[in-house]
Each structure stands twice: as C-alpha cells, then as structure tokens.
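Good morning. Please have the chain open on your screens, and stop me if you lose the place.

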Amino acid sequence: MRSDVEAECLRPDPDLRRSPIQVPDLGFPCWRALAPDGLRSTSQLVRDQAFAYGLVATDVGAALERHVEFPDPDIPRLSVDVEDEQTDLPEQAARLLRKHWDIPTGPIGHLVRMAENRGVLVVYSPSQTAAVDAYSFETDNRPTVVLNPTKNDYFRQRFDVAHELGHLVIHVDSEPGDRITENQANRFAAEFLMPSDEMRDLLPSKADWRTLGALKADWNVSLQALLYRSRQLGVMSDVTYRNAVLYLSSKGWRRREPGVMPVTEQPSLFPKAVEILGQVGTGEEVLAGESRVPLDLFRVVTSRFPTWDSPQPTEPNPEDNLPSGVISLFRSAGK
C-alpha cells in the first residue's frame, strides 16, 4: 500500500513548459553543532557549506515541483519569546502540533513520513557538513529539515526531527542557535514525543532500567531522553537523575544504548518523486539540469539513505576557477 507521500507524487504534471524556477531566500537556518561547545568550534566554511546546501535542496525541490505535486505545507505557528526561559509555550506548541496533525494519544509512529505528509521536506546533508547537526529552515513556500548523515541512531534522529519541527513552529521570526532557543526546541520535542499527561504516571522515580527499557521500545525514544523527561516532570529527583546519567556513562551507553537499534527513518518525498519521474521518461540528468546542480550533488539531495562518501564532481571540476567568495560543496573543511 502506498503512503500519502507516494500517492501525491504519482501525479506528474503534464505541463513542463513553465517559467524559470524562482527560488526564494532562506529564512534563518536553525542549526546546532555536534561539538560540545556548539557552533563556536565549527568552522565558517562548514557553516557556509551547510547554508549553501540548504539553497541547493531548495533548488531541487523547486525543480521537482514543476513535475509532481507535493503535499501542501501544514505547520501551525505559535511564536515564542526567545528570551523567556520560564514560558510554557514550547509545550503548548507541541500539544498544538499533535492536535493539528490529528496525532492520537500514545507513541508517534514514523516521524519523518508524518512530517513529509504535512509538506515538510526532509533530506540528508552531505558528509562535508557532518560537523553541523540536524538543522532546519523555511522558504516562502516550504519548510525543510536537513538530517546529519553520520548519526546512525534511530532514537536520536527522531528527537532531532522533533527538535527541528519545534524550531519551525515556535521560532517563526527569530534567529535560533543560542542556549535558550535550543532549550525551547528540546522542550517542544520532549512534549511532542513524550506528552506529559501520558508519561508522568509511566516514568519511574528511580533508575529502573527494565521499566525504562520497555518505555524506550514502546515510545521510540532513548534512555537518556526518558531520564531527562522524568527529571523534567518532577518524577525523578536531581540526585537520582545525575546518578543514572553517571551509570549510563560508565556503561558506555551515552554513545550506544543497549537493546535493538531499529533502522533510522528514511525520507521518501524526493526519492519517490525521482523514481516516478524516471518511470515516465524524466531521468535524473534532466532533473539535475533543471535544478542547476551537478548530478552527483542532486543524488545526495534526493537520496533515501545517507551518503557517506563525498560526491565526486564530474568534469569540469566545479572547484576550478571559482569566483572570489564562492563556497564549494565538494571541498572538505580540512582542505
């Protein structure tokens, strides 16, 4: 059975003779760095590459939408004061999104597919920008979430997606990236994935690993997220929480938690569109040309799976004779 995303993509547009693609400016990118000290240790080159990749993803999306019909964007807005640490609006916004998207009580299923069905583009970034964690932005037409290709962790990836949805809902006219806005997005994600009125009676007050493991499997969130949520809701004391985190660290579970690791959720909007258009005679080469991006980079943007290797530029080399100030997406940060 096809998903809603696939059904939408099954309607290629017969009128391909349209005016040139008009790509709107990006809004404020909402991004984080994987390093403990955040974006301060991330080079300007990597940040510029991440921003440029967002423009490329927008180009590709605009080109594909000349041929196929994607779901309309459906993101409610509840702007939050980025200087207010006490407001409960992030949690209210999470409940608003669950209601707006008709999400039933209980755990959320395939979150990437759910976002795509509501008109959010989800893509993987290239390996050159892997120092930047998941990030999001919005054009005049469509919100986009960019996932880190190196984070092969189902549970953390889902929290990343929820976090970026939080930015798109609550940080409408602000520039995220500081501690308060990131904390607000984390609070949104926690309430979205683990609603307080459902989780408060389920979470243990002690580090009961058997119970936590069962909740992890049921709610598709990490042990660390459950521990933090338990403290956040006042179920677990600060001392108990700190001891539990220390135990996690001693076991090496902060890097890789015990138990089965499901396959990470994969985007399907772009990949399915490319597949369907190929079946009716519009191949990748044509679509890459319409997107005005190299074919290898087009394949990274439209891939269902992370691309671990750097895209190999076709001749001529796109780094040859670059104008001053132009950032290459093919160059590694260390070069």
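I will go through the cores, then the aromatic pairs, then a pair of strands and two serines. Keep in mind that this is a predicted model.

Let me start with the cores. Which residues touch the most other members of the largest nonpolar core? They are L165, F188 and F192, in a core of 45 residues. Helix α5, residues 154-170, contributes six residues to this core, and that is the most any element gives. If you click on L165 and ignore residues up to four places away in sequence, you will find that it touches I75, L97, W101, L111, A115, V120, F188 and F192. There is also a second core, separate from that one, with 28 residues. Among its members are V46, V68, Y135 and L277.

Next, the aromatic pairs. The structure has seven of them, and I will show two. Take F70 and F270: their ring centres are 6.1 Å apart, with 35 degrees between the planes, and the pair is classed as tilted. Where do the two residues lie? F70 is in the loop between α2 and α3 (89-100), while F270 belongs to helix α11, residues 269-279. The two are 200 residues apart in sequence, so the pair ties those parts of the chain together. Are F70 and F270 buried or exposed? F70 has a relative accessible area of 3%, and F270 comes out at 2%. The cut-off for buried is under 20%, so F70 is buried, and F270 is buried as well.

The other pair is W209 with W253. This one is edge-to-face, at 5.6 Å centre to centre and 80 degrees between the planes. It also links distant parts of the chain, 44 residues apart: W209 sits in helix α8 (residues 209-219), and W253 in the loop between α10 (238-251) and α11. With W253 at 17% relative accessible area, that residue is buried. W209, at 23%, is partly exposed, because the buried class stops at 20%. Y247 joins W209 and W253 in one aromatic cluster.

One more ring before we move on. R231 lies over the face of Y241, and the distance to the ring centre is 4.2 Å.

Now the strands. How many residues of β3 are buried? Six of the seven, so the strand, residues 132-138, is mostly covered. Its partner is β4, residues 143-147; the two run antiparallel and are joined by four bridges. One bridge you can look for pairs S136 with V145 in β4. Between the two strands there are four residues, and together β3 and β4 make a hairpin.

Last, the two serines. S125 is in the loop between β2 (121-124) and β3. It counts as buried, at 2% relative accessibility. Apart from neighbours within four places in sequence, S125 contacts Y53, V146, L147, N148 and P149.

S43 is in a loop too, between β1 (30-33) and α2 (44-64). Its relative accessibility is 32%, and it is counted as partly exposed. From the C-alpha atom of S43 to that of V132 the separation is 9.8 Å, though the two residues are 89 apart along the chain.

That is where I will stop.

Terms used: Residues numbered from 1 in each chain as written. Predicted model: local features only at pLDDT ≥ 70, side-chain atom pairs only at ≥ 80, totals over all residues. Heavy atoms only, no water. Core = buried A, V, L, I, M, F, W, Y, C linked by side-chain atoms within 4.5 Å. Buried < 20%, exposed > 50% of the residue type's maximum accessible area, 1.4 Å probe, protein only. Contact = heavy atoms within 4.5 Å. Phe/Tyr/Trp six-rings, centres within 6.5 Å; stacked < 30°, edge-to-face > 60°. Lys NZ or Arg CZ within 6 Å of the ring centre and 35° of its normal. Pairing = 2+ DSSP bridges.
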